[in-house]
Amino acid sequence: MASRRARIAGVAGRRGAAALVGARFGLARRSVRDAATARQLRLGFEELGPAWIKLGQLISVRPDLFPAEWVFEMELLRDSVPPMPFSAISRVIEHDFGGSPQELFASIEEVPVASASIAQVHRAILRDEYRPVVGDVLPAGSVLAVKVVRPGVERSVLEDIAAARPAVERFASLGALRRFSLSALFDEFAESLHSECDLRNEARVADRFAFDFRADPVVLVPRVVWPLTSRRVVTMEFVDGWRLSDLDDAARRGIDGRALAIHGADVFLRSVLELGRYHADLHPANVFVTPDGRICYLDFGIVGHTEPAQRDAIAQVLAATVYGDADRALVYSAKLGLVVPPEHVEAVRAAVASLMAVTLSEPPRDVRGFAIGFLRIMNAAGVSIPVGYGLLVKALVTVEGVARAIYPDIDITEAAKPYATRLIAQQMMSPARLAERMPAAIAAALRELAG
Amino acid sequence: MNNDDFMKFLASWALVHETADEGWKAAVERGMGHEPGEMGQGPEAFVDGLSAMVQERKEQLKAELASGEADAASTSTDVSEHLDDLRFEVSELRGRLESLQSSLDTLLSRTEPGAGIGAE
């Protein structure tokens, strides 16, 4: 334990010094200082291994707690660790299903196709046909992805974090770091890790997503094989395709990247604004494009939810962003819990309008820049960001990143315009809204005619 | 309200209707002539585009009503969506049961006489 603490202290010291140099010993602009700190923090987390990578991933979905620079930098964390020996994986499978992998599957590859901090994935072949919860029957001989939680990972990650917690909290109580709630993050960490280590949660969300988009021929979600799924093992259909970073190859094969990118943005908007549940961790490693031109969604570990009452306001904020209307954005953001103190309203409105003019008025529009700037303005005005709001902003920016990875010239605000327009039209034409406004409209028309 | 007031009210109503109708037809005509994406070029373009979309839906509704399909179609769509939801819930439950059954079978096989009870 002591050597582990010493190693953490060593990495922290080295990365801290590098961050100081990057921030020109505090003389650089705030955004440069935050960016330098975020980069060194991310590199430090990667050096320290699984526990810290998971902590970084949690920071990456909490723009309500951390500076925007940290949040977006943590997206770059490379969650890749050396694989565990197959014998350890085999023991988990045998323990959970009462048979060896060789008995349960027609065959299984001992070398994993992916190895991350919490789990690793092995390719296998389905022994008997299976009827999944959603979609067609998986015939015997189908290629499968068997994801297995590393034995003991939950305990060892929590121990690692617990060992460092007192020192990190002492450090975080100093100076400028005081504004970040590291303590709250630690508390949330155990809960989210526990949920992530139960792979049945992910499988259930995948089924739900597949059902929600069952009529969409472009959306592909791997089918889950439930009899070979437990808390620590999830067995799914293996989907072959290109990670977004390899899309040059796909483009050469004649896939319409622009249409796919727009479709991906539409899927996200539909999830948020109609279905009320959305994939909140859509980084490029979780999205594949298949050879037949479909978008395959993986890893449903983090899911956001929106309530019906929130969806109207979200649609309005989205439309305000698309049309560059700062007033509307702030009015409807307030309905989502983002309340600007009255004394700051005018300054915040002016700052948001100016940010919109810089980032969103001319193509190529910079949604990411807008989001970072927006969160920074709110932070400077002392406005608390509700958890759901922060997650949504982050998810929207990530979707833009994914869409750009598919088609670099995509303008997501242009792509969102028809959707936003349609939603607002639906809201304007709702019977309740018409009934509310009609008397006033008729009275105004009569006054006009009488005048 | 005397008779004259009442007639004035009706006349005002007719005038509003007529004016709105003319404005509506003009907006539909302009909206029909939009290029793709033109709807986003400001409030007027938005209203014109929306009017054209509503007109299109209106014509579709007229055709459905004429053929008597509208009610039947919407009822059958509702039922079919509800059935889909139910089917999914049942399938989801089946999935969970299959997973639990596997765990149960594994535990039972370990408690059978002669089976070793061990941790991985």
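**View 1. Domains of chain A and the contact between domain 2 and domain 3.** In this predicted model, chain A is divided into domain 1, covering residues 1–79, domain 2, covering residues 80–238, and domain 3, covering residues 252–451. Where domain 2 and domain 3 of chain A meet, twelve residues are contributed by domain 2 and 14 residues by domain 3. On the side of domain 2 that touches domain 3, the elements that give two or more residues are α9 (199–212) and β5 (219–220) of chain A, and the largest share of that side, five residues, comes from α9(A). Sorted by class, the residues of domain 2 that form this side are nine nonpolar and three charged, with no polar residue among them.

**View 2. The open sheet of chain A that includes β5.** Four strands of chain A form an open sheet with mixed pairing, and their order is β5-β10-β9-β7. The edge strands of the sheet are β5 and β7 (242–243) of chain A, each of which pairs on one side only. The pairing of β5(A) with strand β10, residues 295–297 of chain A, runs in the parallel sense and extends over two bridges. Within this part of the sheet, Val219(A) is placed opposite Ile295(A) of β10(A).

**View 3. Packing of helices α13 and α14 in chain A.** Two packed helices are described by the angle between their axes and the distance between the axes. For helix α13 (residues 326–335) and helix α14 (residues 345–359) of chain A, the angle is about 125° and the axes lie 9 Å apart; α13(A) and α14(A) are therefore oblique to each other, as the angle falls neither within 65 to 115 degrees nor over 145. The crossing of α13(A) and α14(A) is right-handed. On the α13(A) side the contact is made by Ala326(A), Asp327(A), Ala329(A) and Leu330(A), and on the α14(A) side by Val348(A), Arg349(A), Val352(A), Ala353(A) and Met356(A). By class, the contact of α13(A) with α14(A) comprises seven nonpolar and two charged residues, and no polar ones.

**View 4. The contact between chain B and chain A.** Across this interface, 19 residues of chain B are in contact with 24 residues of chain A. The side of chain B that touches chain A draws at least two residues from each of the helices α1 (3–32), α2 (43–67) and α3 (70–111) of chain B, and α3(B) gives the most to that side, with eleven residues. When the residues on this side of chain B are divided by class, six are nonpolar, nine are polar and four are charged.

Methods:
Residues are numbered from 1 along each chain as its sequence is written. Chains are lettered from A and ligands numbered from 1 in the order in which they are written. This is a predicted model: local features need pLDDT of at least 70, side-chain atom pairs count only at pLDDT 80 or more; totals for chains, interfaces and linings use all residues. Domain bounds come from an automatic or database domain assignment. Two residues are in contact if their C-beta atoms, placed from the backbone, lie within 7 Å. Ala, Val, Leu, Ile, Met, Phe, Trp, Tyr, Cys and Pro count as nonpolar, Asp, Glu, Lys and Arg as charged, and the others, Gly among them, as polar. Axes are lines fitted to C-alpha atoms, for helices over the stretch in contact, and angles run from 0 to 180 degrees between N-to-C directions. Angles under 35 degrees count as roughly parallel, over 145 as roughly antiparallel, 65 to 115 as roughly perpendicular and the rest as oblique. A crossing is left-handed if the near helix is turned anticlockwise from the far one by less than a right angle, and right-handed if clockwise. Two strands pair if DSSP finds at least two bridges between them.
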